[in-house]
Amino acid sequence: MEWTGTRRAVLLTAGLSLLGAACDSGDGGGGGGGDDGERSPFTGRKGAGDKVLAVKIDNVEAARPHTGLGKADIVYIEQVEAGLTRIMAVFASRLPSLVGPVRSARESDLELLRQFDHPGLAYSGVQSKLRSRIESAPLAALFPGRVREAYVRKGDRPAPHNLYLRPGRALASDAAADVGAPRDIGFRFGAAPDGGRKTPGRSVRFPSARFSFDWSADRGRWLVSMDGSPARTTDAGRLEAATVVVQYVKIRDSELGDRGGNITPFTESVGEGRALVLRDGKEYEARWERPSATGGTTFTDADGKRLAFARGQVWVALAPSG
């Protein structure tokens with residue numbers, strides 16, 4: 001076969017294109033445009049993943065440091081009984097070998113998760129009054145009684161702060177056969193918007209808990225602290241976020257409560273309201289809107305333009321509006 005100059009040029013160009021694609025990690029740092037390859041609708045990075053798994057994670061002091069949280073695509077902060085908080089971590093693009101400690105689900109989780117396409121939900125248990133609602137919800141309930149092989153108790157912590165999930169085993173189970181893939185939930189990623197205010201950080205207060213997000217120019221990320229202490233993981237060090245969203249929502253009493261007599265709050269994630277978006281050392285005023293439970297949540301500026309997030313892990317604090 002004759003190798004002409006044109007053929008050599010074509011093959012060389014194709015080879016360089018493949019090499020460039022292989023070398024691109026898709027992190028993107030603080031942002032940047034482009035749509036070269038399949039990107040996650042949750043992080044803006046390359047590699048969306050095949051299934052969406054949400055895990056309810058304990059967040060009292062005895063449950064820290066967490067495990068596996070650094071690999072979540074999205075981290076939601078939710079208020080629970082007595083003004084404390086729990087975390088719902090959403091995984092798709094990367095799965096840790098272990099995540100936890102895992103705790104119980106709440107009614108608010110069902111509304112929040114409707115915007116995902118039939119996700120898996122891993123949790124330790126649920127109040128009897130809520131069990132039928134979870135079983136009938138459009139999600140795969142992955143609790144220990146259904147996927148026992150996916151859970152493990154660690155001996156270095158007292159119960160109930162010692163239950164951990166093996167995400168790979170949970171998603172490989174028959175119970176997770178119909179778990180859906182990542183889809184658009186309203187997030188947009190790209191270059192930093194115009195405007196914004198430079199800020200060293202932002203604190204978000206709940207009645208009995210506090211989160212702080214401090215900008216690190218060296219790391220190009222917001223460093224996370226919980227109740228005044230740096231938030232660390234057992235497997236990946238300090239927790240840090242590319243984008244932080246403070247979404248001010250209505251939190252009202254539900255009809256449920258815990259054994260101590262505390263009313264379970266219900267966080268309304270459908271509706272609209274004020275938000276703050278933190279990225280690249282700046283804070284942007286925003287509005288959030290989610291007209292229906294089955295739709296995603298959009299974040300816009302004063303002109304109604306969608307606010308682009310920085311590529312990477314997104315933290316969403318569902319903070320009290322009043």
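Mentor: Before we turn to this predicted model, keep one scale in mind: a residue is called buried under 20% relative accessible area, exposed over 50%, and partly exposed in between.

Trainee: Why is Ala-82 called partly exposed?

Mentor: Ala-82 has a relative accessible area of 45%, and partly exposed covers values between 20% and 50%, so Ala-82 belongs in that class. Ala-82 lies in the loop between β2 and β3 (85-91).

Trainee: What makes the backbone of Ala-82 worth a remark?

Mentor: Ala-82 has a positive phi of about 60 degrees, although it is not a glycine. Most residues other than glycine have a negative phi. Asp-227, in the loop between β11 (221-226) and β12 (229-230), also has a positive phi, near 55 degrees.

Trainee: Why does Asp-227 count as partly exposed?

Mentor: The relative accessibility of Asp-227 is 38%, and the class runs between 20% and 50%, therefore Asp-227 counts as partly exposed.

Trainee: Why is Ser-173 called buried, although its place is in a loop?

Mentor: The loop in question runs between α4 (167-172) and β8 (197-198), but the class rests on area: Ser-173 has a relative accessible area of 10%, and buried means under 20%, so Ser-173 is buried. Leaving aside neighbours within four places in sequence, Ser-173 is in contact with Leu-142, Val-147 and Glu-149.

Trainee: Why is Gly-281 called buried?

Mentor: Gly-281 is placed in the loop between β18 (271-279) and β19 (282-290), and its relative accessible area is 9%; the cut-off is under 20%, so Gly-281 is buried.

Trainee: How do you know which residues, beyond four places in sequence, Gly-281 is in contact with?

Mentor: A contact needs heavy atoms within 4.5 Å, and by that test Gly-281 is in contact with Arg-197, Lys-198, Thr-199, Trp-215 and Trp-222. A separate C-alpha to C-alpha distance places Gly-281 and Arg-221 8.1 Å apart in space, with their positions 60 residues apart in sequence.

Trainee: What makes a set of residues a nonpolar core, and which members of the largest one touch the most others?

Mentor: The members must be buried residues of certain nonpolar kinds, joined through side-chain atoms within 4.5 Å. The largest core holds 43 residues, and Val-55, Leu-165, Phe-213 and Trp-315 touch the most other members. Apart from that core lies another of 38 residues, among them Met-88, Leu-113, Ala-137 and Phe-299. In soluble globular proteins, nonpolar side chains tend to be buried together.

Trainee: How many cavities are counted, and which residues line the largest?

Mentor: Two cavities of 30 Å³ or more are counted, and the largest has a volume of about 60 Å³. Its lining includes Tyr-76, Phe-187, Arg-290 and Phe-299.

Trainee: Which peptide bonds are called cis?

Mentor: The bond from Arg-64 to Pro-65 is cis, with omega near 0 degrees, and another cis bond joins Ala-159 and Pro-160, with omega about 10 degrees. Most peptide bonds are trans. Pro-65 is found in the loop between β1 (53-57) and β2 (74-79), whereas Pro-160 lies in the loop between β6 (151-153) and β7 (163-165).

Trainee: How do you know where the predictor's confidence is under 50?

Mentor: The pLDDT of each residue, from 0 to 100, expresses that confidence, and pLDDT stays under 50 over residues 1-36. The protein averages a pLDDT of 88, and 87% of the residues score at least 70.

Notes: Residues numbered from 1 in each chain as written. Predicted model: local features only at pLDDT ≥ 70, side-chain atom pairs only at ≥ 80, totals over all residues. Heavy atoms only, no water. Helix = DSSP H or I, 4+ residues; strand = E, 2+ residues; numbered from the N terminus. Buried < 20%, exposed > 50% of the residue type's maximum accessible area, 1.4 Å probe, protein only. 1 Å grid on protein atoms, 1.4 Å probe; cavity = no way out; pocket = protein on both sides within 12 Å on 5 of 7 lines; lining within 4 Å. Points joined across faces, edges and corners; volume = space filled by probe spheres on them.
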